[in-house]
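Take a look at the sequence and the structure below. This report walks through some of the features they show.

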Amino acid sequence: MAMLSLICARHRNSVRCIRRTLLYPFTESFSTKTFKPIEQSNPIIPPNSTSFDHSNVRQTLSCYANDWKRAIEFFNWVQIQTGFNHTTDTYNGMIDILGKFFEFDLIWDLIKRMKEDPVAYPNHVTFRIVFKRYASAHLVEEATNAYYRTEEFGLMDETSYSNLIDALCEYKHVIEAEELFLVKSRDLVFNDDVKIYNIILRGWFKMGWWKKCREFWEEMDRRGVCKSLYSYSIYMDIQCKSGKPWRAVKLYKEMNKKGIRLDVVAYNTVIHAIGLSEGVDFSIRVFREMKEVGCEPNVVTYNTIVKLLCENGRIRDAYRVFDQMREKGCAPNVMTYHCFFGCLEKPKQILKMFDRMINSGVRPRMDTYVMLMKKFGRWGFLRPVFIVWEKMEEQGCSPDASAYSALIDALVQKGLVDEARMYEEEMLAKGLSSKPRVDLGTKPLIE
């Protein structure tokens, strides 16, 4: 009941937030018809109308991110009834919501309205949203046609083109992006074409197609592309993720020969790669080199060192690096603590570190709670499982299906089937799972 009341309280808070910002008549039924462009007139502002500014209009639109019909009615209402003048940013927010539901005709109606409004003229962000929403709908041809339409707005340039390629790659249309760039657009000349090569290389990386990554890297060489620091950073990461960290180290040495100055992102990749291929002591050498050349480590750098030390069983050294982080003003984050949780082998040590995490102001994520409960459950320690569960409730975090499963598994392992069934019934009542577990014999809920 405590958990259910917490959820209800959260729901009430959300409702209050919406009521504070959505101060217009939503008692009417919503029309499902396509809206007509607003006529340029002087809307009558009622005496009791709320004064809207850019911030609360954007906030209200974000509240309706999952209901485009209400969003568009509010968008039109606030302009007609309160005299609010939409900006390019509020238009872009509305276009993004419509794109989420593939309402592309309405999007182009809005862009037409923007074209007629000098204060809200479309910009590169407008079309970047359009490209991404078309790509997410797997409408590659339409996304490409939208790029050609940017010419009407004086936006058909390198920025728009790279935004198009980036959108296609983000939604796994890397084949089409590569063909568009290398074949169909080969006559185009860009000042910074390596940026587009990098976008495509990163696209193959996100797809996990390691062979294509290598082929595209070699294609860049054949075409005489002057690879940037970012190119090397991406490809070093590719080598690490594909299980060949020694090749990343080789690239690092190649960069040094070419006189390419590494940034913190590149150094983080190198430290990880050398740790995997040559050992953590070599990683620490690069870490020291990094500081000597004036490149300040960030939290990812420290986390990489801590994780390598933990994986090698050097817990005391990991604690020393942890303390060094704080001394240098680099606050540990969730991932820092996860490194320790993964290697510590005594419940008391883990719970002490967990308390230290919370007391330092680092908020655990849901996967933090699940990780710990699963670990304690595997070890057969039930009391620490409930300690973590209670901490989760104290932190106002509502358990998801994974958290319930971890708790139920721990109870079943200790033979507490009735208690496990009780928590499963609670999980089913919240709609977090559609099927009861066979081993518990829980009866399905009757609607």
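## A buried tyrosine and its partner

Y161 is buried in this predicted model. Its relative accessible area is 1%, and buried means under 20%, so Y161 falls within that class. Y147 is buried too, at 6% relative accessibility.

The two tyrosines form an aromatic pair. A pair of aromatic rings is described by the distance of the centres and the angle of the planes. Here the ring centres of Y147 and Y161 lie 5.5 Å apart. The planes meet at 75 degrees, so the pair is edge-to-face. An angle over 60 degrees is what earns that label. Y147 belongs to helix α7 (residues 140–149) and Y161 to helix α8 (residues 158–170). The pair links distant parts of the chain, 14 residues apart.

## More aromatic rings

The pair has company. Y147 and Y161 belong to one aromatic cluster, together with Y148, F181, Y197 and F216. In total, the count of aromatic pairs comes to 27.

Charged side chains also sit over rings. R149 lies over the face of W108, 3.8 Å from the ring centre. K227 does so over W217, at 3.5 Å from the ring centre.

## The chain as a whole

How many helices and strands does the protein chain have? There are 23 helices and 0 strands. The chain has 447 residues, and 45% of them count as buried.

Now consider contacts between residues at least 6 apart in sequence. Of these, 62% join residues at least 24 apart. The largest nonpolar core holds 138 residues. M94, I165, F181 and I200 have the most contacts inside this core. Helix α10 (residues 193–207) gives the core its largest share, 8 residues.

## Helix α6 up close

Helix α6 covers residues 124–136, which makes 13 residues. At 1.5 Å a residue, it should span 18 Å. Its end C-alpha atoms are 18 Å apart, so the span agrees.

At the N-terminal end, N123 acts as a cap. A side-chain oxygen of N123 lies 3.1 Å from the backbone nitrogen of V125. Just after α6 comes H138, with a positive phi of about 60 degrees.

Which residues of α6 are buried? They are T126, F127, I129, V130, F131, R133, Y134, A135 and S136. An α-helix has 3.6 residues a turn, so residues three or four places apart point the same way. The buried residues of α6 pack against α4 (88–100), α5 (104–115), α7 and α8.

## A167, facing α6

A167 sits in helix α8. Is A167 buried or exposed? It counts as buried, at 0% relative accessibility.

Leaving aside neighbours within four places in sequence, A167 is in contact with F131, K132 and A135. F131 and A135 are among the buried residues of α6. The C-alpha atoms of A167 and R128 are separated by 7.6 Å, although these residues are 39 apart along the chain.

## Two buried polar residues

N76 lies in helix α3 (residues 68–82). N76 is buried, with a relative accessible area of 11%. Its side chain makes a polar contact of 3.3 Å with the side chain of R113.

T304 is part of helix α16 (residues 299–311). T304 counts as buried, at 13% relative accessibility. Beyond residues up to four places away in sequence, T304 touches N268, I271 and H272.

## Residues in the loops

Most residues other than glycine have a negative phi. Two loop residues go against this. F102 has a positive phi of about 60 degrees, although F102 is not a glycine. It sits in the loop between α4 and α5. At 43% relative accessibility, F102 counts as partly exposed.

K172 has a positive phi near 65 degrees. Its place is the loop between α8 and α9 (174–184). K172 counts as exposed, at 59% relative accessibility.

A third loop residue, I260, lies between α13 (245–258) and α14 (264–277). Setting aside neighbours within four places in sequence, I260 is in contact with L229, Y232 and M255. The C-alpha atoms of I260 and S228 are separated by 8.3 Å, and the two residues are 32 apart along the chain.

Key:
Residues are numbered from 1 along each chain as its sequence is written. This is a predicted model: local features need pLDDT of at least 70, side-chain atom pairs count only at pLDDT 80 or more; totals for chains, interfaces and linings use all residues. Side-chain values use heavy atoms; hydrogens and water are left out. Rings of Phe, Tyr and Trp (its six-membered ring) pair if their centres lie within 6.5 Å; planes under 30 degrees apart count as stacked, over 60 as edge-to-face and the rest as tilted. Helices (H or I, at least four residues) and strands (E, at least two) are DSSP runs, numbered from the N terminus. Buried means under 20% relative accessible area, exposed over 50%, partly exposed in between (1.4 Å probe, protein chains only). A charge sits over a ring if NZ of Lys or CZ of Arg is within 6 Å of the ring centre and within 35 degrees of the ring normal. The expected span of a helix is 1.5 Å times one less than its number of residues. Contact means heavy atoms within 4.5 Å. A polar contact is a pair of N or O atoms within 3.5 Å; within protein, one must be able to donate a hydrogen and the other to accept it, and residues adjacent in sequence count only if both atoms are side-chain atoms. A nonpolar core is a set of buried Ala, Val, Leu, Ile, Met, Phe, Trp, Tyr and Cys residues joined through side-chain atoms within 4.5 Å.
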